[in-house]
Amino acid sequence: MAPRLLADIAPLRESAAYRRLWIGTTLSSVGSQMTQFAVLLQVYLLTHSPAAVGVVGLVSAIPAIAFGLPAGTLADAHDRRRIVLITSGLLTLTSIGFAVQAVAGNRQVWLLYVLVAVQALLDSVNAPARRTFVPRLLPPRQVPAAIALTMLAMHISLVTGPLLAGVLTATGGLKLCYVVDAVSFGAALYSVFRLPAMPPEGAPLRPGLNALTEGLRFLARSRVLCGALLADVNATLLAMPIALFPALNDERFGGSPGTLGMFTASLAVGGVVGSGLSGRLARVTRQGRALLVGGVIWGLALASFGLVDGLVATLACLFVAGVADVSNVVLRSSIVAVVTPDAYLGRVGAAEFVVGAAMPELGNFRAGALGSLTTPALSAALGGFAAAAGAVLIALRFPALVRYEPVTTLADPPAPR
């Protein structure tokens, strides 16, 4: 029973390319989480405003919304590996820019916003192309397991990144967080460099408005894909709590960097546990229904986070939210990867990126703005209850998603040479 419950590591064992990609992404993600921690804390220290922290989410979301969907046409027209290599190199330079401003003692919030916006712009091109890697490197039967392992890597970084960032900030200042992130990009670049070339399959596609419109039409025709993406919009736009962390930490625990790191780490520990026990997710037959149930749990856990008091209760609510979140992401990404043909992977992946990257940031902006108008605790509670109710409404409006079952009879394609 235990082996069936634990994460399936077959993709790591059987694919050297995926194994290198997983390791490189994990190391780079640790550095990226340290930068995210440092940016939020630096903005709060400069302004002492939850709304100003929420603006970090807004300036991240705008480039993702503006450029994410057009970038999907690039991923369906050109070698996806080359796109990721170029954008990863530019992201390395952006990370160096964060380090330079911290070492120089920057006191201007606008400069941080500019760097965050540039980073989000590059991510909007990088992510849709990167999302095509797993379906190309692995057979369909291993896609859910690989996505679960990718989520495990992300949540490992969410645990270790903020904790390391809290320690480094307390001992040497925020600049150390930015420097570690810049160095960690080397692992990501190497892992992508070793991948095989990944041109899109089928007839050549000309990037542009027609290609984008065709991709959106394909997406609109699929009630399963629409419902899955809308479930993520509902969960993140209405309930994302991270912009509230500095203010709630200040109110409840005196603003210690150590406890602030525990907030994000607890959310991530839940993700690690959920990813580590993801063996059952690959065998879920009603993936759409499970996705919506997870959305209800996510919302109620975050509503409780806004209402409870004390460190243990606060961290426990975030832990439960983290478990629900990783289950939702694995299920949604598995649905998208299996339902979408290769010719549309870049464009549908771009839509998934816009939802996954922009909506949480808009959700953080919403949370920060509402927290400034009311209280941070009330903002978290109202958002959580709204997300739980929204998941129920999606179930009623998208019965095709509730009934969706993955196709398990697909023949495995040959592995890329």
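A residue counts as buried under 20% relative accessible area, as exposed over 50%, and as partly exposed in between. The model toured here is predicted.

**Stop 1: Leu 163**

Select Leu 163, which sits in helix 8, residues 143-172. Its relative accessibility is 39%, so Leu 163 counts as partly exposed. Now display what surrounds this side chain. Setting aside residues up to four places away in sequence, Leu 163 touches Gly 261 and Ala 265. Add Gln 33 to the selection: 130 residues separate Gln 33 from Leu 163 in sequence, while their C-alpha atoms are 9.7 Å apart.

**Stop 2: Thr 259**

Go next to helix 13, residues 257-276, and pick Thr 259. Thr 259 has a relative accessibility of 13% and therefore counts as buried. Show Asn 249 as well, and look for the polar contact of 2.4 Å between the side chains of Asn 249 and Thr 259. With neighbours within four places in sequence left aside, Thr 259 is in contact with Asn 249 and also with Phe 253.

**Stop 3: two residues of helix 15**

Helix 15 covers 311-339. Select Phe 319 in this helix. Phe 319 is partly exposed, because its relative accessibility is 31%. Beyond residues up to four places away in sequence, Phe 319 touches Ser 266, Val 269, Gly 270 and Val 273. Draw a C-alpha to C-alpha distance from Phe 319 to Ile 335: the two are 16 residues apart in sequence and 25 Å apart in space.

Then move to Ser 334, also found in helix 15. Is Ser 334 buried or exposed? With a relative accessible area of 3%, Ser 334 is buried. Residues that Ser 334 touches, again not counting those up to four places away in sequence, are Pro 144, Ile 147 and Gln 287.

**Stop 4: the second largest cavity**

Switch to a cavity display. A search of the whole structure gives three cavities of 30 Å³ or more. The second largest has a volume of about 110 Å³. To find this cavity, select Ala 231, Asp 232, Ala 235, Gly 295 and Asn 328, which lie nearest its centre among the 15 residues of its lining. Four helices each give two or more residues to that lining: helix 11 (223-239), helix 14 (287-307), helix 15 (311-339) and helix 17 (376-397). Which helix gives the most to the lining? Helix 11 does, with five residues.

**Stop 5: His 48 and the start of helix 4**

Turn to the loop between helix 3 (16-47) and helix 4, and select His 48. His 48 has a relative accessible area of 55%, so His 48 is exposed. Check the backbone here: phi of His 48 is near 55°, a positive value in a residue that is not glycine. Most residues other than glycine have a negative phi.

Add Ser 49 and Ala 52 at the start of helix 4: a side-chain oxygen of Ser 49 comes to within 3.1 Å of the backbone nitrogen of Ala 52.

**Stop 6: along helix 4**

Select the whole of helix 4, residues 50-75. At 1.5 Å a residue, its 26 residues should span 38 Å, and the end C-alpha atoms are 36 Å apart, which agrees. Where does helix 4 kink? Centre on Gly 68, where there is a kink of about 40°, and then on the proline Pro 70, shortly after the kink.

Definitions and conventions:
Residues numbered from 1 in each chain as written. Predicted model: local features only at pLDDT ≥ 70, side-chain atom pairs only at ≥ 80, totals over all residues. Heavy atoms only, no water. Expected span 1.5 Å × (residues − 1). Bend = angle between axes of the 7 residues up to and from the residue. Polar contact = N/O pair within 3.5 Å; in protein donor to acceptor, adjacent residues only side chain to side chain. Buried < 20%, exposed > 50% of the residue type's maximum accessible area, 1.4 Å probe, protein only. Contact = heavy atoms within 4.5 Å. 1 Å grid on protein atoms, 1.4 Å probe; cavity = no way out; pocket = protein on both sides within 12 Å on 5 of 7 lines; lining within 4 Å. Points joined across faces, edges and corners; volume = space filled by probe spheres on them.
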